[in-house]
Amino acid sequence: MNATTPDVSRSAPTTAAIKQAFVENLYYRQVKFPAVSTPNDRYMAVAHTIRDQVVRRAMDTFETYYRTAARTVCYLSAEYLLGPHLGNNLINLGLHDQAREAITELGLNFDDLLEQEEEPGLGNGGLGRLAACYLDSLSTLQIPTIGYGIRYEFGIFDQAIRDGWQVEITDKWLRYGNPWEIHRPEINVPVGFGGHTRTYTDEAGRNRVEWVPERVVLGVAYDTPILGYKVGTANMLRLWQAQAVESFDFQAFNVGDYERAVNEKVKSENITKVLYPNDEPLQGKALRLQQQYFFVACSLKDMARIHAQRSADLSDFHKKYAAQLNDTHPAIAVAELMRLLVDEYAMDWDKAWDVTRQTFGYTNHTLLPEALETWSLDLFGRLLPRHLEIIFEINRRWLDRVRVAYPNDPGRIERMSLIDERGGKSVRMASLATVGSHFVNGVSALHSRLLTESVLKDFASFEPEKFGNVTNGITPRRFMILANPPLAALITKAIGDGWPADLEQLRKLEPLANDKAFRAEWRAVKRKAKERLAARIASRTGIATDPDALFDIQAKRFHEYKRQHLNVLHIISRYLRLKDRPGAEVVPRVFVFAGKAAPGYYMAKLIIKLIHSVAHVVNNDPDVRGRLRVAFSPDFNVQSAQTIYPGADLSEQISTAGKEASGTGNMKFALNGALTIGTLDGANVEMREHIGAENFFEFGLTTEQVAARQSAGYRPWEELEKNEELRRIIDHIDAGAFSGGNRDLFRPIVENLRSSDPFLVLADFAAYVECQTRVNTAYSDPENWAKKSILNVARMGWFSSDRSIREYCTRIWHVEAVKPESRASISGSGT
């Protein structure tokens with residue numbers, strides 16, 4: 001078929017063209033005229049107008065990759081917390097100003113249209129947001145990439161607050177459609193579950209194994225182009241949705257069994273219905289495992305299909321693809337690729353294992369034992385019987401190697417086995433990912449070191465060359481240019497416009513930290529950002545906050561190790577001190593919390609309730625009015641984060657040392673000019689090194705000190721005995737001072753802290769309060785605070801996700817950039 005170049009006027013980047021395309025899309029796509037159009041109609045018309053720009057670049061990219069057979073990164077992740085597309089695509093296209101002008105000339109409010117977009121809640125927190133940042137950087141650096149994941153019908157829940165309690169509301173992000181995705185019904189992959197295996201002899205006389213699944217579902221592809229920043233590249237995010245092979249049973253319907261007629265449709269679609277179903281019951285565990293295998297199986301078969309466009313021989317599969325396992329969720333890919341190569345492509349086991357190991361890299365994201373996934377052999381064997389056989393064989397051959405190196409060390413053999421033999425036997429997915437990958441990395445220098453000293457110590461001592469570190473990073477396109485336009489504009493005016501694609505250029509700001517006039521402009525920008533945040537808080541909570549106060553913010557997923565309750569204890573400390581000395585002069589402070597707790601995590605949800613209860617008492621006490629305020633910003637997501645990060649003066653990064661793998665919220669706050677108060681945990685360590693210890697408020701036990709306290713037998717009640725203020729705070733909570741006299745409400749928190757305090761909240765309290773006193777002193781000098789804020793931003797260039805991706809490309813994936821050639825130039829050259 002002869003290729004033709006599409007009408008370029010459809011994507012001409014002018015204000016007039018955008019206006020014309022908007023009118024046409026409203027009329028032809030939404031089938032509305034302006035007088036009766038809804039806000040969603042108008043958003044969809046704008047989105048389709050900009051999508052034409054995106055699609056043109058995507059087609060250039062895909063066609064170039066096809067012609068060049070480019071080596072491709074395949075990023076396998078169960079989460080992608082992308083954020084709204086429209087604003088980010090406009091930034092990356094360089095059309096933000098033209099679009100605003102066009103929409104304004106049409107008599108519409110541009111910001112209202114941006115707010116109209118439903119955010120795809122396809123992730124739970126940092127893991128999914130990191131994946132989204134990496135896709136942005138991969139496209140910006142023009143690295144051939146396919147992101148693979150799951151198209152959840154219902155994403156991470158919307159959070160409402162009722163009487164101080166978190167309430168989960170279904171995230172119906174697809175209810176009005178998604179203009180950014182491209183449905184590919186012709187790309188559908190059969191995925192089996194259950195059943196049994198059988199052995200047979202093939203035509204060549206070889207012993208073979210066939211998996212005979214009990215049931216089969218279809219994975220159908222939905223593609224979203226992901227643009228790079230001001231380049232011609234738009235890589236592809238391919239998400240899989242589960243469907244029934246036969247969605248309607250006519251025989252059952254004809255005999256009146258209407259439920260059975262649609263039972264297979266419902267059962268199949270449940271696999272991709274919800275992000276992270278509650279895995280406490282066995283049914284929830286089974287669904288989680290089905291989700292993980294489903295998207296991995298779809299993705300690997302899709303990779304094989306694309307490879308077959310050039311060659312049916314998969315012996316060089318690893319030369320075409322570099323596949324990265326984003327945590328343990330896709331670890332079953334190791335067994336699935338072996339199944340494909342050995343069972344379906346009749347490859348020799350040793351050759352298949354070599355291809356598999358060279359294909360995969362594994363990124364570990366946690367040191368918490370409960371987060372290192374394991375699956376019971378019973379459940380695994382029932383759902384994936386062939387894969388369990390393959391894992392047993394991988395394990396047999398692996399342990400044979402280990403025994404040669406350590407012939408008289410049964411303890412080491414047990415620890416390095418892919419099967420946990422203790423109690424109810426289970427498959428260790430982190431171990432499978434480690435053994436089946438050619439490189440394993442942590443996500444901060446501290447985390448990577450601890451990984452090789454604890455969780456994967458035996459594996460690292462056996463194969464030290466395959467372990468390394470790639471510290472996480474963030475994209476400045478979304479979290480500076482889009483989130484904080486005034487600050488981005490000020491920086492561009494000062495140092496030029498090259499920094500968004502080369503964040504190390506922010507170093508040019510350092511001399512300006514000593515420029516009084518520039519500091520004044522900097523402070524004015526921060527004041528405007530705080531006004532925006534204050535307005536958001538007021539509109540969503542009814543709580544008025546003063547932008548002149550210090551905005552102290554902790555915004556992250558709720559977990560005990562992240563220690564939001566340590567922050568609350570400090571707030572109570574300040575409150576009680578003000579009650580004792582009503583006339584004392586203090587730095588006015590607004591404490592803001594944001595974040596969600598997992599639906600089944602009672603203690604985290606109780607901490608959210610405690611925050612609201614403390615806020616109710618503090619905010620209604622005239623003795624502290626104007627000096628102390630507490631607010632909880634509900635439904636924290638990417639869109640709200642774009643207001644929260646720029647509005648912060650102080651960023652709370654106070655996890656127990658040794659528990660946070662990296663963190664990226666710390667980077668987003670700092671990039672927007674917030675100073676950090678934090679422990680030496682995760683990427684805080686490297687941030688402090690780059691920013692300078694004098695610009696970082698450090699406190700608390702180190703990782704080594706935490707380990708020493710716990711190994712010596714940590715006794716939290718001793719902390720209460722020696723600290724009268726701390727004892728008074730806990731007694732206040734226990735007495736019901738923040739719960740209307742109800743002593744039972746917060747008893748689980750009080751008893752946890754008094755008896756075990758597993759995350760050393762009480763041990764770090766005194767140092768935390770002392771450090772907060774240093775914060776007060778520093779904030780009392782606005783000029784010096786502004787200087788520190790400027791230096792924070794100036795020294796954050798290393799934490800760009802572009803730098804992270806360059807490290808992956810050179811050290812792990814061994815891929816190079818491919819610059820797309822426009823379809824117009826291809827057509828014109830006659831190729």
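Which residue in S7 does Thr201 stand opposite? We will get to that in Exercise 1, after a word on the model.

This is a predicted model, in which local features need pLDDT of at least 70, side-chain atom pairs count only at pLDDT 80 or more, and totals for chains, interfaces and linings use all residues. Residues are numbered from 1 along each chain as its sequence is written, and side-chain values use heavy atoms, with hydrogens and water left out.

**Exercise 1. A hairpin**

Task: Find the partner of Thr201 and describe the hairpin of S6 and S7.

Solution:
- Step 1. Helices (H or I, at least four residues) and strands (E, at least two) are DSSP runs, numbered from the N terminus.
- Step 2. Strand S6 covers residues 196-201 and strand S7 covers residues 207-212; the two run antiparallel and are joined by 6 bridges. Two strands pair if DSSP finds at least two bridges between them.
- Step 3. Opposite Thr201 stands Asn207 in S7.
- Step 4. The hairpin has 5 residues between its strands, and Gly205 takes a positive phi near 85° there.

**Exercise 2. The sheet of 9 strands**

Task: Work out the strand order of the open sheet of 9 strands, and which strands are at its edges.

Solution:
- Step 1. Strands of a sheet pair through backbone hydrogen bonds, either parallel or antiparallel.
- Step 2. The order is S5-S8-S9-S2-S1-S10-S11-S15-S16, with mixed pairing.
- Step 3. At the edges are strand S5 (182-193) and strand S16 (467-469), each of which pairs on one side only.
- Step 4. On average, neighbouring strands of this sheet are turned by 25° against each other, direction ignored. Other angles here run from 0 to 180 degrees between N-to-C directions, and axes are lines fitted to C-alpha atoms, for helices over the stretch in contact.
- Step 5. Now look at S8 and S9, which run antiparallel and are joined by 11 bridges. Thr224 has Leu237 in S9 as its bridge partner.
- Step 6. Helix H10 (residues 282-307) lies across several strands, including S5, S8 and S9, and runs at about 115° to S5. H12 also packs on the sheet, where it touches S1, S10 and S11 and makes about 170° with the direction of S11. Contact means heavy atoms within 4.5 Å.

**Exercise 3. The sheet of 3 strands**

Task: Explain why one side of S12 and of S13 is left without a neighbour in the sheet.

Solution:
- Step 1. The 3 strands form an open sheet in the order S12-S14-S13, and the pairing is antiparallel.
- Step 2. Strand S12 (374-376) and strand S13 (419-420) stand at the edges with a single partner strand each, so each has one side without a neighbour in the sheet.
- Step 3. S13 is joined to strand S14 (residues 426-428) by 2 bridges, and Asp420 has Ser426 in S14 as its bridge partner.

**Exercise 4. Two helix pairs**

Task: Describe how H12 packs with H13, and then how H2 packs with H3.

Solution:
- Step 1. Helix H12 (residues 333-344) and helix H13 (residues 349-359) have axes 9 Å apart and pack at an angle of about 140°. That angle makes H12 oblique to H13; angles under 35 degrees count as roughly parallel, over 145 as roughly antiparallel, 65 to 115 as roughly perpendicular and the rest as oblique.
- Step 2. Among the residues in this contact are Leu337 and Leu341 of H12 and Trp349 and Trp353 of H13. By class, the contact of H12 with H13 has 9 nonpolar, 2 polar and no charged residues.
- Step 3. Helix H2 (residues 39-68) and helix H3 (residues 85-93) pack at about 40°, with axes 10 Å apart. H2 is therefore oblique to H3.
- Step 4. From H2, residues including Tyr43 and Arg57 meet residues of H3, among them Leu86 and Asn89. The contact of H2 with H3 divides into 8 nonpolar, 2 polar and 1 charged residues. Ala, Val, Leu, Ile, Met, Phe, Trp, Tyr, Cys and Pro count as nonpolar, Asp, Glu, Lys and Arg as charged, and the others, Gly among them, as polar.

**Exercise 5. Three loop residues**

Task: Decide whether Lys230, His814 and Leu745 are buried or exposed.

Solution:
- Step 1. Buried means under 20% relative accessible area, exposed over 50%, and partly exposed in between (1.4 Å probe, protein chains only).
- Step 2. Lys230 sits in the loop between strand S8 (215-227) and strand S9 (234-244), and its 53% relative accessibility makes Lys230 exposed.
- Step 3. His814 lies in the loop between helix H34 (801-813) and helix H35 (823-829). With a relative accessible area of 53%, His814 is exposed.
- Step 4. Leu745, in the loop between helix H30 (724-734) and helix H31 (747-755), counts as buried at 18% relative accessibility. Leaving aside neighbours within four places in sequence, Leu745 is in contact with Trp165, Leu606, Lys609 and Ser739.
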